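Please open the structure in a viewer and keep the selection tool at hand. The tour proceeds from stop to stop, with a selection to make at each.

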Amino acid sequence: MANMKLQVEGKEVSYLHYGDNSKPLLVCFHGLAGSGLYSFGKLIPRLEERYQLLVLDSPGHGKSAALDREEDYLFSNLALWFKRVLDQLTEKPFFVMGHSWGADLALHFARHYPDQVLGVVLLDGGFTFPQNQPEMTFDYALSGWNDYMDNRTWFRNWPAVATEYRPYAKKWDSDIETSIQTIFHRNEKDEFELRVSKFTVLSIIRAFFQEPFTSVYPFIQAPLLLIYPDSPKELEDARALGIAQLQEAIEDVSIRRIEHAGHMLQWDEPDETADAVSTWLDEKCHSASTS
């Protein structure tokens, strides 16, 4: 592993590089309020022997600098920002994989730069929130995240952080706890505070409504794999609708459901999730080499 940094438009970008440069390249986009290691720490050791991995900290997350304007966090603008990052890191086409918010980033990148994308992997994102969840109106989503950022982003000690995040995982362990450390820093009061700012989070929530995932589907030319969990059960209707929309709009779509997993399916069932990703990647790489 190499923890590396570069500059894009005067902003520092942090990323991790794993694997051999001769292997197929998989670029990884993490979820909202997370980091590269937070979203992919469980998958990296299960994938790095077979693929080259670029695990990015998105703007305002992890150790990457935040962007200045609300519109900078629109998906179309972030796609351009990531292109400028990736143009410095590779000249070859690659697969993109995103979790949650990162799945939407992967979709928008594939829309705008199809010549660079060999395939798209969505980990429980880019197919339900918010368009397919009737209760998730703009006001409801924005007020919920506003309240979260005001009241649940700083903690007096680390055990309090762990208590907050344990319910997110069905199989808590030291690896997960270590990955959570990457999304916090110690503030001037010596408290543990979430690295991402309220401004960044709310800008991203607005972007979800301004550039919905359904508007992207007709433009996706690359094959796509959706991996999603069976929990929570109340999202079954939203998932079914999203899957139908994907299958109608995109020519090459594969679907994999992970049982006994929640939104952090890569924490709950890392072996099964990694196997689903690698099986699909190998199939697409083989198809490309024989076509």
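The stops below cover a pocket, three helix pairs and some points in the loops. Please bear in mind throughout that this is a predicted model.

**The largest pocket**

Begin by selecting Ser100, Phe129, Trp145, Tyr168 and His263, which are the closest to the centre of the largest pocket among the 42 residues that line it. The volume of this pocket is about 1300 Å³.

Next, display helix H1 (36-40), helix H4 (101-112), helix H5 (138-151) and helix H8 (198-210), each of which supplies at least two residues of the pocket lining. Which helix gives the largest share of the lining? It is H5, with six residues. Colouring the lining by class will show 22 nonpolar, 13 polar and seven charged residues.

**H5 and H8**

Keep H5 and H8 on display and turn to the way they pack. Two packed helices are described by the angle between their axes and the distance between the axes. For H5 and H8, the axes come within 10 Å and cross at roughly 165°. An angle over 145 degrees counts as roughly antiparallel, and H5 is therefore roughly antiparallel to H8. The crossing of this pair is right-handed.

To view the contact, select Phe138, Ala141, Leu142, Trp145, Asn146, Met149 and Asp150 on H5, together with Lys198, Val201, Leu202, Ile205, Arg206 and Phe209 on H8. By class, these contact residues comprise nine nonpolar, one polar and three charged. Trp145 thus appears at this contact as well as among the residues closest to the pocket centre.

**H3 and H4**

Now select helix H3 (residues 75-89) along with H4, a pair whose axes come within 9 Å and cross at roughly 75°. How are H3 and H4 oriented, roughly parallel or roughly perpendicular to each other? They are roughly perpendicular.

On the H3 side of the contact, highlight Phe75, Ser76, Leu78, Ala79, Phe82, Lys83 and Leu86; on the H4 side, highlight Trp101, Asp104, Leu105, His108, Phe109 and His112. The contact of H3 with H4 has eight nonpolar, three polar and two charged residues.

**H6 and H7**

The third pair consists of helix H6 (residues 158-165) and helix H7 (residues 174-181), with axes that come within 11 Å and cross at roughly 110°. That angle makes H6 roughly perpendicular to H7. The crossing of H6 and H7 is right-handed.

Select Trp158, Val161, Ala162 and Tyr165 in H6, and then Glu177, Ile180 and Gln181 in H7, to see where the two helices meet. The contact residues divide into five nonpolar, one polar and one charged.

**Points in the loops**

Move next to the loop between strand S6 (117-123) and H5, where Pro130 is found. A cis peptide bond joins Phe129 and Pro130, with omega about -10°. Phe129 was selected at the start of the tour, as one of the residues closest to the pocket centre.

Asp124 also has its place in the loop between S6 and H5. What sign does phi of Asp124 have, positive or negative? The value is positive, near 45°, in a residue other than glycine.

Finally, go to the loop between strand S10 (224-229) and helix H9 (236-249), and select Pro232 there. Ser231 and Pro232 are joined by a cis peptide bond, with omega about 0°.

Key. Residues numbered from 1 in each chain as written. Predicted model: local features only at pLDDT ≥ 70, side-chain atom pairs only at ≥ 80, totals over all residues. Heavy atoms only, no water. 1 Å grid on protein atoms, 1.4 Å probe; cavity = no way out; pocket = protein on both sides within 12 Å on 5 of 7 lines; lining within 4 Å. Points joined across faces, edges and corners; volume = space filled by probe spheres on them. Helix = DSSP H or I, 4+ residues; strand = E, 2+ residues; numbered from the N terminus. Nonpolar A, V, L, I, M, F, W, Y, C, P; charged D, E, K, R; others polar. Axes fitted to C-alpha atoms, helices over the stretch in contact; angles between N-to-C directions. Parallel < 35°, antiparallel > 145°, perpendicular 65-115°, else oblique. Left-handed = near helix turned anticlockwise from the far one by under 90°. Contact = heavy atoms within 4.5 Å.
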